[in-house]
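Got your viewer open? Get ready to click along, stop by stop.

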Amino acid sequence: MTYSLTRACALTALALAAAAHAQDTLITAGRMIVAPGVETDAAALLIRGGEIAALGDEIPGDARSSATRVAYDGAVLMAGLVSVHGYLDQQGDLAETVDAVTPDLRSADAFDPFGEALAKLGPQGLTSYGLAPYSANTFAGIAAAVKPGTARGRVLDGDAYLKLALVDTARTDQRYPTSLMGAVDLCRLVFDTARDASVSGADVAVVREALDGSRILAIHANTASELGRALDLAERYQFRPVLLGAAQAGDMIERIVEAEASLVLAPLTLDSKQEALELPAKLAARGVRFSFVGDAARMRWSAALAARHGLGRDAAIAALTRTPAEQLGVADHVGSLRANHDADVVVFSGDPLDLSSHLLAVYADGALLTSEIAR
Amino acid sequence: MLQPSLRGAALAVLTVLTHGVLPAQEPEPGTPPRRGPRGAAGRDARPPMAPVVGLRVGTIHTVSDGTIEDGRILMRGRRILAIGPASEVPLPEGAEESSYPEAHAYPGLVDALSDAFAPPSEVGNKSWDAGVDMADGLDPFDKQAQKLAQYGITTTYVANRGEGQWRGMGALLRVGRNGFEHSDLGADAVSLRLTAGPNDAHPLARAGALDAPKATLKQLEGYKKSLEKHEKDLETYAEDYEKWLAHYRGDKKDETAEGKEKETEKGESGGPETPDAGGATPPAGRGPGRRGRRPGGRTPGGPGGGGGEAVALPFAEQDPQPGGPPRGPRGRGRRPQDPEGEKAPEGGDESAEKDEGKKKDEDAPKRPKYPKPVERDPAKDALLEVVDGKRPLRVEAHRVDEIRAVLALGREFEIGRLVLEHASAGDRVADEIARAGVPVVVTELMPGSVPKTYGEVGDDEMAEGALPARLHAAGVAVAIASGSARKSRFLPMAAAWAAGQGLPRDAALRAITLTPAEILGIGDRVGSLRAGKLADVLVTSGPLFESETRVLRVIANGTTAYEAPSR
């Protein structure tokens, strides 16, 4: 009895192992951008169980031979693009207007895995997305890192950054705060309360985590006054903010450097002002990290336009992959091609920063995202 | 024709003469021979030839004849003299050359649709008709547009982008000595807007909008006929007038005065006109608005005016005639006289004379009536040129029904040179556009730049940037344009994006060089690097489609229009 059971188990284990290995995929190409500044011609990835098992020369020989091979000759591999902030056409579900302080509301609760907007993003090269609460109130809530998939999307991390909004959409006539003064004062009030250890509650707990550094704090601010107040709060309460939007950041780069803030920039287009086009290069020169948002096409245009106006290659690639992954708090899983990371890979016919390169394939969690948009 | 021996002798004589008579023209050793009045080639005197200038570049993309590694372009004056590998195209002795061993050379870029040098009031004007000319409203001091050459653009076409139906005629501009100038190399197109815009409109309203230009074009038939009829009438008038003149001049000697008066009238008569010798008193019945065409001697007429005055008075400064005040010139072309005035009862004398004449000669021909001229309409004139194929017609259309309406319009009125602008849903009717042989100018390629309503709602939603690829695949000639001067500097990036979205790279490069040149009607002069074409060259630090590439030098018409400061 035991013998046969053991044997059955062993056989099953063997079968499973064989099955697992048979499902390995080996992707080869001409060049691989592992991470910003780390590029190699030994462009090979072993994908197993939706994760990257090994890269380049570290791929063991037997795994190489037993894996399903997919060769993209002359192509360039890169980590899937990451967009830190967006609403996926679900603004209504994500906008809590009545109460200005809802830090514990989670975007993940509104996530629609079958949503069309997310499904369309994947095949263009965007494999991770920060679904954020809408800027309808001051303490808007907790963003979620979500990913597109072949049949449905999934939540990678439901507990990403805490989002604050100082922009005008968060200030309405229906409730306090109706002004920027009120919004900033409210922030101070909430932060002071959170510092008070005697106060408890789910919402307070979230704010406390943001203040002690165990949770990323992102503030949506565009104008000089909004940005200035955001930096004031960061200084006073000792946290390193992620500044969302930051349209007028060009006027306060010094303060941004001092605050060790990182930025999330709106897409650059042909209509963008000269200051906006030159801002990324200026930030990179001062060592300020930043990322671009939007769909893959808009992000690529942003990188190309920024490169056109002086942004270096590594900073541009970082803005599309590693930095947004860090800002989403999921840099251990996505944003670069590393062992045990999610197998999110984009394959370009040429350099990803060249607009003339076209997308050959997109893998999310090891699965090839077939294009729902016929090309 | 001289016999060979005689010719030789003649030449010898000439040579001797020139050498003997003009010793000062002996060229000094070492200088190129000068051409005298009868140069060595036997041609007439010409201005000295411009020097040959060379340009050697690591990679030359000719667009029309492939890529040349380590190539050389020889330019003389405004044109390309020769182009090829440096090993096959030697640099003439003494010629200067600039060398860019690591760089790339392209034809000067051609922007098929822009608003450069046009003030917003002109570009957005809604109330133009087909006859308004954008060239009249250009602002040569537009600072931003003056920088176009820095980005490699050497030819641009500027047109009205307003929301009126007819958008007048555009203006083709090329880099000249002092910045961009209106060029007469190609005929400027008439622009038409045939779209209801992104908002959904009622189908009947849409159908009405699509039919509206037809009404204007249908009127052309009648206009053209009236113009032709007028031409015929003028010929008939000339003949009749000749006959009438001959009759009266030939027969009557005592009516010479009257005959001479008639001579002074404006008309087709090319017959010999005796100069006014004064003499007989011209009758009081002088029609208003007469204008002498020939110099020398027109009788002003009027009582006491008498002969002897040799000044032509264009308008009757004479007795006011009962026929009415003198009428001014009408329309372009001829200054017609008002035959009515002459015909009106003017008083007894002339009619009396006429009666006399009539009594004498009952079958005398009647004085012919000057045909009433057609009132010219610049809009119709421009559209006639469109229909005759002398001017292109550019039409902005987005949706499928709009594009089809444009193609139908082209067929119905046999418009020889039709160009589509935007054609946002063009991918769905690409085959029809290709069959009609209509090229397309695309400006909106950025993500989110085309309203969703322009495409049909369905499963196959095409990304904006993929339109050129789809059109090209169906055989449509595609040009990529900036749409505005502000965006012109990104023209290569737009073409690169189109390439990334599926347009073959060579077609993408062609879309900002040769194809727009052909659409503008100047494809034989610019748009590619080939001997004989104008010397418009763009030199860049790397391949044009790479984002980090910088412009090093721009040459237009053989002259450097921009040179990057050396780092």
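What follows is a walk through a few selections, each with a note on what to look for. Keep in mind that this is a predicted model.

**Stop 1: where the chains meet**

Start by colouring chain A and chain B separately, then select the residues that touch across the contact. You should pick up 25 residues from chain A and 24 residues from chain B. Together the two chains bury about 2,200 Å² between them, and 53% of that is on carbon and sulfur atoms.

How many salt bridges cross the interface of chain B and chain A? The rule finds two. To see one of them, select A:Asp271 and B:Lys487: they form a salt bridge, with their closest N and O atoms 3.7 Å apart. While you're here, look for polar contacts too, since six residue pairs across this interface are in polar contact, with both residues at pLDDT 80 or more.

Now hide chain A for a moment and look at the side of chain B that touches it. Select residues 491-500 of chain B: this is helix α12, and it gives the largest share of that side, six residues. Colour the touching residues of chain B by type and you'll get nine nonpolar, six polar and nine charged.

**Stop 2: a strand with three partners**

Bring chain A back and select residues 25-35, which is strand β1. Is this strand mostly covered or mostly open? Mostly covered: nine of its 11 residues are buried. Show the side chains along the strand, if you like. In a regular strand the side chains alternate between the two faces of the sheet.

Next, add the neighbours one by one:

- Residues 68-79 of chain A are strand β5, which pairs with β1(A) in the parallel sense over eight bridges. Click A:Thr25 and you'll find A:Thr68 of β5(A) standing opposite.
- Residues 44-48 of chain A are strand β3, which pairs with β1(A) in the antiparallel sense over four bridges. Here A:Ile27 has A:Leu45 as its bridge partner.
- Residues 38-40 of chain A are strand β2, which pairs with β1(A) in the antiparallel sense over three bridges. Look at A:Ile33, and opposite you'll see A:Glu39.

Before moving on, zoom in on the hairpin of β1(A) and β2(A), which has two residues between the strands. A:Gly37 takes a positive phi here, near 85 degrees.

**Stop 3: salt bridges within the chains**

There are 47 salt bridges over all chains in this structure, so let's just visit a few.

First, select A:Arg240 and A:Glu260, whose closest N and O atoms are 3.1 Å apart in a salt bridge. A:Arg240 is in the loop between α7 and β13 of chain A and A:Glu260 is in the loop between α8 and β14, so this pair ties together parts that are 20 residues apart in sequence. A:Arg240 counts as exposed because its relative accessibility is 58%, and the cut-off for exposed is over 50%.

Over in chain B, select B:Arg72 and B:Glu97, which meet in a salt bridge at 2.6 Å, N to O. B:Arg72 is in strand β2 of chain B and B:Glu97 in strand β4, 25 residues apart, and the pair links these distant parts of the chain. Try a surface view here: B:Arg72 is buried, at 7% relative accessible area, while B:Glu97 is partly exposed, at 27%.

Then go to B:Asp427 and B:Arg470, another salt bridge, with the closest N and O atoms 3.3 Å apart. The first residue is in the loop between β12 and α10 of chain B and the second in helix α11, so the pair ties together parts 43 residues apart in sequence. B:Asp427 counts as buried at 15% relative accessibility, and B:Arg470 is partly exposed at 22%. Back in chain A, select A:Arg31, A:Glu39, A:Asp41, A:Arg313 and A:Asp351 together: salt bridges that share partners join them into one network.

**Stop 4: backbone oddities**

Most residues other than glycine have a negative phi, and most peptide bonds are trans. With that in mind, try these selections.

- The peptide bond from A:Tyr176 to A:Pro177 is cis, with omega near 0 degrees. You'll find A:Pro177 in the loop between β11 and α5 of chain A.
- A:Glu260, from the salt bridge with A:Arg240, has a positive phi near 55 degrees.
- B:His422 also has a positive phi, near 75 degrees. B:His422 is in strand β12 of chain B and counts as buried, at 8% relative accessibility.

Key: Residues numbered from 1 in each chain as written. Chains lettered and ligands numbered in written order. Predicted model: local features only at pLDDT ≥ 70, side-chain atom pairs only at ≥ 80, totals over all residues. Heavy atoms only, no water. Contact = heavy atoms within 4.5 Å. Buried area = accessible area lost by both parts, 1.4 Å probe. Salt bridge = Lys/Arg side-chain N within 4 Å of Asp/Glu carboxyl O. Polar contact = N/O pair within 3.5 Å; in protein donor to acceptor, adjacent residues only side chain to side chain. Nonpolar A, V, L, I, M, F, W, Y, C, P; charged D, E, K, R; others polar. Buried < 20%, exposed > 50% of the residue type's maximum accessible area, 1.4 Å probe, protein only. Pairing = 2+ DSSP bridges.
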